[in-house]
Amino acid sequence: MSRVVSLLLGAALLCGHGAFCRRVVSGQKVCFADFKHPCYKMAYFHELSSRVSFQEARLACESEGGVLLSLENEAEQKLIESMLQNLTKPGTGISDGDFWIGLWRNGDGQTSGACPDLYQWSDGSSSQYRNWYTDEPSCGSEKCVVMYHQPTANPGLGGPYLYQWNDDRCNMKHNYICKYEPEINPTAPAEKPYLTNQPADTHQNVVVTEAGIIPNLIYVVIPTIPLLLLILVAFGTCCFQMLHKSKGRTKTSPNQSTLWISKSTRKESGMEV
């Protein structure tokens, strides 16, 4: 029960005072400051070609010590919804794009009533919590599950295509959400914890570990190197030309006489012939 209450407090904090609402960024790991609750990471790709299949998403999370998201109860579902709302707030450029979660079906169940019971969590969780969209799962060849995130789509029979679940073909390309064990003693120097609560807040603290800042900075700096070199060459060329012209104005040719001789004769008063 205390876990549910804590997750609900976390969901309230996400939009409660506006502090954390501005802190959720794609690729950042989000953790609770008490180090007792899971951490999460939203991986959103604006380019469709960069999105991944279910298995690729699963491997990406596991390569960082996490798992593809499993959901224990409605409170955790609401927490994830709050994070996605903050991630995709107006002005971020983030729009439609479903997210893989760790639910999948390993059997060959078709559209029979037994099909929904065949779904299981890839991390081994025994959670029976489900949040299917109307008429889902459709089963058949669709064995892996996404959390809908299509804010610009027209609502369907079950309402907006937001946050409810849908089964899809496992080779389809989507964003994904990772889940991690609590970081009891974060020691990596690149992961600087950021306390998002303000001094007046009384809610539970939340930490955002900014592990993605340095790699992102590298991606920004490297493409600018050719431009910087071009500017440097142009500046050097201008300086050389200015220096060359300055020397040309002050230098006197040795073959050029500095005397001036008048071609007309001039009579001097008092000169005798």
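**Bridges and bonds in a predicted chain**

Q: Hi! Which residue does E62 form a salt bridge with?

A: E62 forms a salt bridge with R58, and the closest N and O atoms are 3.5 Å apart. A salt bridge here is a side-chain nitrogen of Lys or Arg within 4 Å of a carboxyl oxygen of Asp or Glu.

Q: What should I know about the model before we go on?

A: This is a predicted model, where local features need pLDDT of at least 70 and side-chain atom pairs count only at pLDDT 80 or more, while totals for chains, interfaces and linings use all residues. Residues are numbered from 1 along each chain as its sequence is written, and side-chain values use heavy atoms, with hydrogens and water left out.

Q: Thanks. Back to E62 and R58: where are they, and how far apart along the chain?

A: They are four residues apart in helix 2, which means that about one helical turn separates E62 and R58. Helices (H or I, at least four residues) and strands (E, at least two) are DSSP runs, numbered from the N terminus.

Q: Is E62 buried or exposed?

A: Neither quite: E62 is partly exposed, with a relative accessible area of 39%. Buried means under 20% relative accessible area, exposed over 50%, and partly exposed in between (1.4 Å probe, protein chains only).

Q: And why would such side chains pair up?

A: Side chains of opposite charge can pair when their charged atoms come close.

Q: How many salt bridges are there in the structure?

A: Five salt bridges. One of them joins the side chains of E56 and K173, at 3.3 Å from N to O. That pair links distant parts of the chain: E56 is in helix 2 (residues 54-63), K173 is in the loop between strand 7 (162-168) and strand 8 (175-180), and their positions lie 117 residues apart in the numbering.

Q: How accessible are E56 and K173?

A: E56 is partly exposed at 39% relative accessible area, and K173 is partly exposed at 41%.

Q: What about K179, which residue does it meet?

A: The side chain of K179 meets that of E76 in a salt bridge, 2.9 Å from N to O. K179 sits in strand 8 and E76 in helix 3 (residues 74-87), 103 residues apart, and the pair links distant parts of the chain.

Q: Buried or exposed, those two?

A: K179 and E76 are both buried.

Q: Changing topic: how many disulfides does a search of the whole structure find?

A: Four disulfides. A disulfide is a pair of cysteine sulfur atoms within 2.5 Å.

Q: Which cysteine is C61 joined to?

A: C61 is joined to C178 by a disulfide, S to S 2.0 Å. The torsion about the S-S bond of C61 and C178 is about -85°, so this disulfide is left-handed. C61 is in helix 2 and C178 in strand 8, 117 residues apart, and this pair links distant parts of the chain. C61 and C178 are both buried.

Q: And C31, what does it form a disulfide with?

A: C31 pairs with C39, with the sulfur atoms 2.1 Å apart. The torsion about the S-S bond of C31 and C39 is about 115°, so the disulfide is right-handed. Both C31 and C39 are buried.

Q: What can you tell me about C144?

A: A disulfide joins C144 to C170, S to S 1.9 Å. With 90° about the S-S bond, the link of C144 and C170 is right-handed. C144 is in strand 6 (residues 144-149) and C170 in the loop between strand 7 and strand 8; the two are 26 residues apart and link distant parts of the chain. C144 counts as buried at 0% relative accessibility, whereas C170 counts as partly exposed at 26%.

Q: What's the pairing if I number the bonded cysteines in sequence order?

A: The pairing is 1-2, 3-8, 4-5, 6-7.

Q: Why is there no bond between C238 and C239?

A: The sulfur of C238 is 6.9 Å from the closest cysteine sulfur, in C239, and that is too far for a bond. C239 is in no disulfide. C238 counts as partly exposed at 43% relative accessibility, and C239 is partly exposed at 36%.

Q: Last one: what does the whole chain look like?

A: The chain has five helices and 10 strands, and 37% of its 273 residues count as buried. Among contacts (heavy atoms within 4.5 Å) with a separation of 6 or more, residues 24 or more positions apart account for 72%.
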